[in-house]
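Let's take a walk through this one together, starting with the whole chain and ending at the ligand. Keep the viewer open as you read.

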Amino acid sequence: MAYFCQNVLKIAASSIAGHSNSARFAAYRLSSTAVPSYQHIIVEKQGAKTNVGVITLNRPKALNALCDALMREVSTALDELEKDKDVGAVVITGSEKAFAAGADIKEMVNNTFSQVYGGNFLNHWNRVSTCKKPVIAAVNGYALGGGCELAMMCDIILAGENAKFGQPEIAIGTIPGAGGTQRLIRSVGKSKAMEMCLTGLPITAQEAEKLGLVSRVLPPKELVAEAIKMGEKIASHSKLIVAMCKESVNQAYETTLQEGLLFEKRTFHTTFATADRKEGMTAFAEKRPPNFTDS
Ligand code: CAA
């Protein structure tokens, strides 16, 4: 594949210069591949079978502020990872200090209404939530504004003990613009969502877990490895059925219970048209591991 460079060690070493999470790279360097052409992110394939795509936001000096170029690179990386038949799940992470401190305030400070409305500013960020493959956010440090919204676009959020989630846009005279007012309420309920959006104050990882915003809290140094392990587990299943399952869970956000239940039932029925459903059940009956073919 053109986008994955084989010269792993050399590129990993040069592209992570200045990256604060060097310990995890040391642990994974040998089984990873890296992309030389991105400026603001690092893209690798990780895990024992190199079947988990890992996108690391890499603007350490700006606490991974999500400038337009960075988010376009994330979209391109997702396009590539989605096309890659080996990849069964994607992890998006940042550094130990910051997942992302929000949209790039300095980049947008002089934008006018006609520019942002006319250009549908931030619309392309949506690419993260349209990825067909499961996306896991591994959040250490700040996940503020667009950073919190980016995490919420992912399917699963794992948080380091030091993570802070917040929507502080109100303090700079604007409101969340990439899903904060909509997705937050679905995770934490109206009162907490209002509190976060109207005060601008962040919540801790522990609170986020209690509220259901994140599925697990882990020691910061173990976070990315755990996310990759989770990605590997997901990737061990049929990619076809995983995509159907993800689509069905996501319906719960979009529709009424009755329509969602019908969607689920039809999707469940549809799994019976696949080879992997037959293989999975046959393998269970024969007491052997399944050999999924993603068909
Ligand atoms: N945009 C641009 N630059 C940012 C940034 C952002 N969102 N967040 C941090 N930076 C930059 C700082 O300007 C600083 O750069 P310089 O060294 O060149 O001055 C560098 O990152 C380090 O930041 P601090 O010195 O502020 O670090 P700190 O540890 O003292 O504070 C922080 C950390 C609390 C996260 C603080 O940086 C902060 O409050 N950042 C802004 C958070 C925010 O308001 N996010 C929402 C943005 S708007 C948005 O996201 C809209 C949307 O819905 C999509």
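Helices (H or I, at least four residues) and strands (E, at least two) are simply DSSP runs, numbered from the N terminus. With that in hand, Asn120 can be placed in the loop between α5 (113–118) and β6. Before going further, two bits of bookkeeping. This is a predicted model, so local features need pLDDT of at least 70 and side-chain atom pairs count only at pLDDT 80 or more, while totals for chains, interfaces and linings use all residues. Residues are numbered from 1 along each chain as its sequence is written, and side-chain values use heavy atoms, with hydrogens and water left out.

Now the big picture. The chain has 13 helices and 11 strands. Its accessible surface (Shrake-Rupley method, 1.4 Å probe; for residues, only the protein chains shown count as cover) comes to about 14900 Å², and carbon and sulfur atoms own 58% of that. For individual residues, buried means under 20% relative accessible area, exposed means over 50%, and partly exposed is in between (1.4 Å probe, protein chains only). Of the 295 residues in the chain, 47% are buried. Contact, here and below, means heavy atoms within 4.5 Å. Among the contacts in the chain with a separation of 6 or more, 66% join residues 24 or more positions apart.

Back to Asn120 for a moment. What is its phi? About 50°, a positive value although Asn120 is not a glycine. Asn120 counts as partly exposed because its relative accessibility is 44%. Leu63 makes a good companion: its phi is near 50°, again positive in a residue other than glycine. Leu63 sits in the loop between β3 and α3, and with 26% relative accessibility it counts as partly exposed.

That loop between β3 (52–57) and α3 also holds Asn58. Is Asn58 buried or exposed? Buried, because its relative accessible area is 13%. The C-alpha atoms of Asn58 and Leu70 are 8.8 Å apart, with their positions 12 residues apart along the chain. Past α3 (68–83), on the way to β4 (89–93), the loop contains Asp84. At 3% relative accessibility, Asp84 is buried too. A polar atom of the Asp84 side chain lies 2.9 Å from the backbone nitrogen of Asp86, which is a polar contact (a pair of N or O atoms within 3.5 Å; within protein, one must be able to donate a hydrogen and the other to accept it, and residues adjacent in sequence count only if both atoms are side-chain atoms).

Next, hop over to helix α9 (residues 205–211), where you'll find Ala205. Its relative accessibility is 0%, so Ala205 counts as buried. What does Ala205 touch, not counting residues up to four places away in sequence? The list is Ala159, Gly160, Glu161, Ala163, Phe165, Val214 and Val217. The C-alpha atoms of Ala205 and Lys164 are separated by 5.9 Å, though the two residues are 41 residues apart along the chain.

Helix α11 (residues 239–254) lets you do a quick sanity check. The expected span of a helix is 1.5 Å times one less than its number of residues, so the 16 residues of α11 should span 22 Å, and its end C-alpha atoms, 23 Å apart, agree with that. Val242, Met244, Lys246 and Ser248 are buried in α11, and the cover over its buried residues includes β6 (135–139), α10 (220–235) and α12 (257–271). Thr274 is in the loop between α12 and α13 (275–285), and its relative accessibility of 11% makes it buried. Its side chain reaches the backbone oxygen of Thr271 at 2.6 Å. Leaving aside neighbours within four places in sequence, Thr274 is in contact with Leu240, Ile241 and Ser295.

Last stop: the ligand. The shell around the ligand takes in residues with a heavy atom within 4 Å of it. There are 25 such residues, the closest being Lys106, Gly146, Glu149, Glu169 and Gly177. By type, the shell divides into 15 nonpolar, four polar and six charged residues, where Ala, Val, Leu, Ile, Met, Phe, Trp, Tyr, Cys and Pro count as nonpolar, Asp, Glu, Lys and Arg as charged, and the others, Gly among them, as polar. α4 (105–108), β7 (142–144) and α6 (146–153) each supply at least two shell residues, and α4 gives the most, with three. An oxygen atom of the ligand is 2.8 Å from an N or O atom in the Lys106 side chain, and a backbone N or O atom of Ala103 lies 2.8 Å from a ligand oxygen. Taken alone the ligand exposes 980 Å², and the protein buries 64% of that.
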